[in-house]
Amino acid sequence: MSSQIDHLLNENREFPPSPEFAAHAVAKPEIYERAAADPEAFWAEQSRELLTWAKPFTEVLDWSNPPFAKWFADGELNLAYNCLDRHVEAGNGDRVAFHFEGEPGDTRTVTYSDLTDEVKRLANVLEGLGIGKGDRVALYLPMIPEAVAAMLAVVRIGAIHSVVFGGFSADSLRARIDDAGAKLVITADGGWRKGKVSPLKPAVDQALADRDGKGVQATVENVLVVRRGENDVDWIEGRDVWYHDVVPQASAEHEAQAFPAESPAFILYTSGTTGNPKGILHTSGGYLTQAAFTHRNVFDLHPESDVYWCTADIGWITGHSYAVYGPLANGATQVLYEGTPEFPKPGRWWDVIEKYGVTIFYTAPTAIRGFMKQGREIPQARDLSSLRVLGSVGEPINPEAWMWYRDVVGAGTAPIVDTWWQTETGAIMISPLPGITAAKPGSAQVPLPGISATVVDEQGTPVDNDNGGLLVVTKPWPSMLRGIWGDPERFVDTYWKMFADKGFYFAGDGARLDEDGDVWLLGRVDDVMNVSGHRLSTAEIESSLVAHEATAEAAVVGASDETTGQAVVAFVILKESFLRENSAAGLADELRKWVGTQIGPIARPRDVYVVSELPKTRSGKIMRRLLRDVAEGREVGDTQTLADTAVMSVISAQVK
Ligand code: PRX
């Protein structure tokens, strides 16, 4: 980490916006002063301008019971109406909402009229299946237009969606379905990935079966299945319903009812520092306000002419806020691509950009580093001249990757916005504004207008410029999480306890302010890893490892990795009883696969080391810092606080 910091501190390049870009930019410099003068008035103004309220709000922020915030509480709106109907009513029904490109090469053009029609039909189907206000619906789908329609149909009728990333296992899906008490699951037979159909319905079937002894009441009444992969699937009559049997036949008349601004819109599970994922809860009016505001201003969206592509899967918050809610609220034209960047060969993403004339591109540093490895000839063989704004999200972007992104993808001219935010913040919080900020490679730079965030020491005192500490948000913001589903105490403890006397939100990230006061993110300070921009918890992977019959103890760390940012590295101690009857040969590999099946392939450790001991303090706490040193091939740091100081040399010898 320290070499990384030194490296960042030597980074002093700056790229101001071109006068031409600035002249046409959505955001003008005065926006910062206007927001700072009265943040609540600023958000109220943005909300009125960007959204259509069925019942206008008169209150802006209610912070009388912190940390439980209410925004625009007496107003009423419908999220789907804001993303769809109103654009059609305004005469933009023929505008393309999505250029869909399937991985096998099939395409569909979905206009705002088409999508509105589909969502209305689906809303009628959902109501027919007994889904109503406040019910939870789990979505387990590939990146196809039906996935977007499903999210919007759920919120249209006041129900709550919980999208589960299609790469998660049946067990992970089951845990999320149960925690939310979902009544319906919407899935597909399968989706296309790397040239093959990756089945989805079998995982749903498995998640809903074998419940005996698990101590949970099965809440799911129906499974609605989109046909996409055309793979064979099992069918439970009475429970399972084909999407194509009911949606096209349903009525396309559906009036969007308005719901109070604080009505829950969705739950999205994310990893924390314990074994159980947290169901982050977002509500309606504040969420959509900030999603729309940030999408418009950070990406400089001109909806009449731009073609925008966010590569995130809808299973993550980026897919929610920047492939669905923000862009659709703004009437944007988007690309939706189903598959992987390498299929059928490296360069597919650049082909997609060229084909649809993408102007705004939003992706993750991991992807950029992957492309760097493949070589600049691949993007350079395509015409990428349509690109005018580039975004980055999910993890710190190193200056080399930033420069490559700018030079090779953005022709040395397209501004890059490095956007810092989280599942919990709901929308972008810290980012340059492309027509205003002089960009610095590797820095997320400045809190957006209306956002108050800073870097503090452990007592909560703001650090001076040129110093590091912990990133906090000091004032409530419209798209902030409203809680953890079913666990208000965990919500308070996780985010608000650390700086309770100050009322700051603790983000879990370390950061530094440079001499100009710009923010440089330095990664998580807790036991959360960030692998390819995906959040994973060390505790969750450890509990999966010890669930294997061979494992007595496990410790997991995130070690830096050239491509994925961090990689999962596990140290395990095997049970003596197991070793008496079995050999340890091949176990490391088996344990890697085990985690992949238990949680999902993204959680599969890069390395599993079988060791005889783990480094522990006298109070029994595992010292992950030392294991990280081993995993990253560094000299092991200070071992004084260990109960047994010799243990690290034993471990180092065992991993060689
Ligand atoms: O550590 C930060 C990192 O990703 C975490 C949030 O993960 P998640 O909730 O999965 O949301 C990812 C997409 C918004 C943060 O705590 N992170 C996110 N964006 C950046 C980042 N780290 C550095 N720079 C960023 N731009």
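Leaving aside neighbours within four places in sequence, which residues is Leu 115 in contact with? In this predicted model, the list runs to Leu 84, Ala 97, Phe 98, Val 110, Val 148, Ala 149, Leu 152 and Leu 328. Leu 115 also belongs to the largest nonpolar core, a set of 157 residues. Along with Leu 115, the residues with the most contacts inside this core are Leu 122, Leu 126, Leu 152, Tyr 325, Leu 328 and Ile 541. Helix 8, spanning residues 145-156, supplies the largest share of the core, at 9 residues. Another core lies apart from this one; it has 30 residues, including Tyr 337, Val 352, Ile 353 and Ala 367.

Now for the sheet. It is open, with 7 strands in the order 5-4-17-16-18-19-20, and its pairing is mixed. Strand 5 (107-111) and strand 20 (416-419) sit at the edges, each pairing on one side only. Going from one strand to the next, the twist averages 20°. As general background, strands of a sheet pair through backbone hydrogen bonds, and they can do so either parallel or antiparallel. Strand 19 (residues 389-393) and strand 20 run parallel, joined by 4 bridges. One residue pair to look at here is Gly 391, whose bridge partner in strand 20 is Val 417.

Helix 8 ties the two topics together. Besides giving the largest core its largest share of residues, helix 8 lies across strand 4 (96-101), strand 5 and strand 17 (333-337). Relative to strand 5, helix 8 runs at about 30°.

Note on methods: Residues numbered from 1 in each chain as written. Predicted model: local features only at pLDDT ≥ 70, side-chain atom pairs only at ≥ 80, totals over all residues. Heavy atoms only, no water. Core = buried A, V, L, I, M, F, W, Y, C linked by side-chain atoms within 4.5 Å. Buried < 20%, exposed > 50% of the residue type's maximum accessible area, 1.4 Å probe, protein only. Helix = DSSP H or I, 4+ residues; strand = E, 2+ residues; numbered from the N terminus. Contact = heavy atoms within 4.5 Å. Pairing = 2+ DSSP bridges. Axes fitted to C-alpha atoms, helices over the stretch in contact; angles between N-to-C directions.
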